[in-house]
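Trainee: Could you take me through one part of this model in detail? I'd like a close look at the aromatic residues and what surrounds them.

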Amino acid sequence: MKTRRFFVALYAFLMLFAIFPAQVFAAYNHINIDQPAAITVVTYNAPEDLEIRAEVQKDGEGLLMSMAYSRRIWEVSYRLYREDVFHTKTFRGNDKDFAGTVLLCRSGGVEQRIPIPQEYLTPGGKQDVMTLDCESWTLRTGVPDWRGPVSVAERLVLIVLVKALLFLLMKYRGLRSWLGFLGTNLATQIPLNVSMKNMMEVGDTAMHSKVFLGSLFVGLVLVLVIETMLMAIAVKEHNRDYTTIYVVGANVLGLITLIAALAWLPV
């Protein structure tokens with residue numbers, strides 16, 4: 001009977017999960033998911049009125065292009081898409097297509113011209129990511145080392161807090177129960193969130209929607225199964241059926257929190 005109830009709960013969870021891909025697409029409707037940005041510039045210490053355009057060399061002439069703007073809490077990014085510039089999805093390589101590109105950064109009526117070094121443009125790569133410090137107007141390749149751990153920690157804390165609130169509401173009070181809860185969630189949520197570090201908005205993958213959603217689906221099912229088994233072993237305050245109901249409910253809330261975090265926080 002307990003096994004049957006678990007699989008009924010699992011089925012309900014999967015049905016709920018099937019609803020959320022539409023929300024993911026809505027959250028990313030400002031991003032070209034199928035064709036990643038050729039150049040992504042992540043800015044820090046950016047003034048509120050900052051505007052960035054790209055001067056691209058095309059057919060021997062300088063072409064001034066707008067860059068797609070995106071703000072996620074404390075991080076502002078600008079993206080340049082190949083098809084916007086060359087009106088084609090054919091890829092020749094960033095070092096060829098965007099050789100000689102200059103970033104035009106305007107703030108407070110003053111414009112800074114920042115050339116993109118040739119070595120920052122990847123031969124045969126699908127996108128290049130750079131970081132612009134707007135205090136010194138210094139451009140570097142890649143993102144800061146602290147960015148990945150901070151983004152993981154943000155999602156992890158939010159998800160664990162939401163699941164902890166439900167744990168409290170379902171009247172788990174014992175110290176052993178809370179230690180079991182904490183150990184179980186750290187064992188499942190850390191690997192899940194680390195696997196998504198720099199996957200969506202920056203990084204060299206710029207996840208295609210089907211790949212990302214498929215991987216997320218598998219990861220969440222594994223999390224549900226593992227958490228059900230671990231919680232049944234570690235938490236004895238209530239019976240297993242009650243704990244299984246908690247795990248399914250907590251994972252539904254965790255999924256909603258994860259989707260919100262992916263939509264609004266740096267990934």
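Mentor: Here is a walk from the whole chain to the aromatic cluster, with the sheet afterwards.

A word on the ground rules: this is a predicted model, where local features need pLDDT of at least 70, side-chain atom pairs count only at pLDDT 80 or more, and totals for chains, interfaces and linings use all residues. Residues are numbered from 1 along each chain as its sequence is written, and side-chain values use heavy atoms, with hydrogens and water left out.

The chain has seven helices and nine strands; helices (H or I, at least four residues) and strands (E, at least two) are DSSP runs, numbered from the N terminus. Of its 267 residues, 49% count as buried, where buried means under 20% relative accessible area, exposed over 50% and partly exposed in between, with a 1.4 Å probe and protein chains only. Among contacts with a separation of 6 or more, 71% come from residues 24 or more positions apart; contact here means heavy atoms within 4.5 Å.

Now for your aromatics. The whole structure holds eleven aromatic pairs. Rings of Phe, Tyr and Trp (its six-membered ring) pair if their centres lie within 6.5 Å, and planes under 30 degrees apart count as stacked, over 60 as edge-to-face and the rest as tilted. Take Tyr172 and Tyr242: their pair is tilted, at 6.0 Å centre to centre with 40° between the planes. Tyr172 sits in the loop between α4 and α5 (175–194) and Tyr242 in helix α7 (residues 240–264), so this pair ties together parts that are 70 residues apart in sequence. Tyr172 is buried at 0% relative accessible area, while Tyr242 is partly exposed at 30%.

Next come Trp178 and Phe181, an edge-to-face pair with 5.5 Å between centres and 70° between planes. Both belong to helix α5, three residues apart, or about one turn of the helix. An α-helix has 3.6 residues a turn, so residues three or four places apart point the same way. Phe181 is buried at 2% relative accessible area, whereas Trp178, at 25%, is partly exposed. Put the ring pairs together and you get a cluster of Phe167, Tyr172, Trp178, Phe181, Tyr242 and Tyr246.

Phe167 brings us to α4, since that residue is one of the helix's buried ones, along with others including Val152, Leu156, Ile159 and Val160. Helix α4 (residues 147–169) has 23 residues and reaches 34 Å from first C-alpha to last, close to the 33 Å expected; that expected span is 1.5 Å times one less than the number of residues. Just after the helix, Lys171 takes a positive phi of about 65°.

Then there's the sheet. Five strands make an open sheet in the order β4-β5-β1-β8-β9, with mixed pairing; two strands pair if DSSP finds at least two bridges between them. At the edges stand β4 (68–72) and β9 (138–141), each with a single partner strand, so one side of each is left without a neighbour in the sheet. Further in, β1 (residues 39–44) and β8 (residues 128–133) run parallel and are joined by six bridges, and the partner of Ile39 in β8 is Asp128.

Finally, look at the loop between β7 (110–115) and β8, where Gly124 lies. Gly124 is exposed, at 58% relative accessible area. Its C-alpha is separated by 7.1 Å from that of Arg92, 32 residues apart along the chain.
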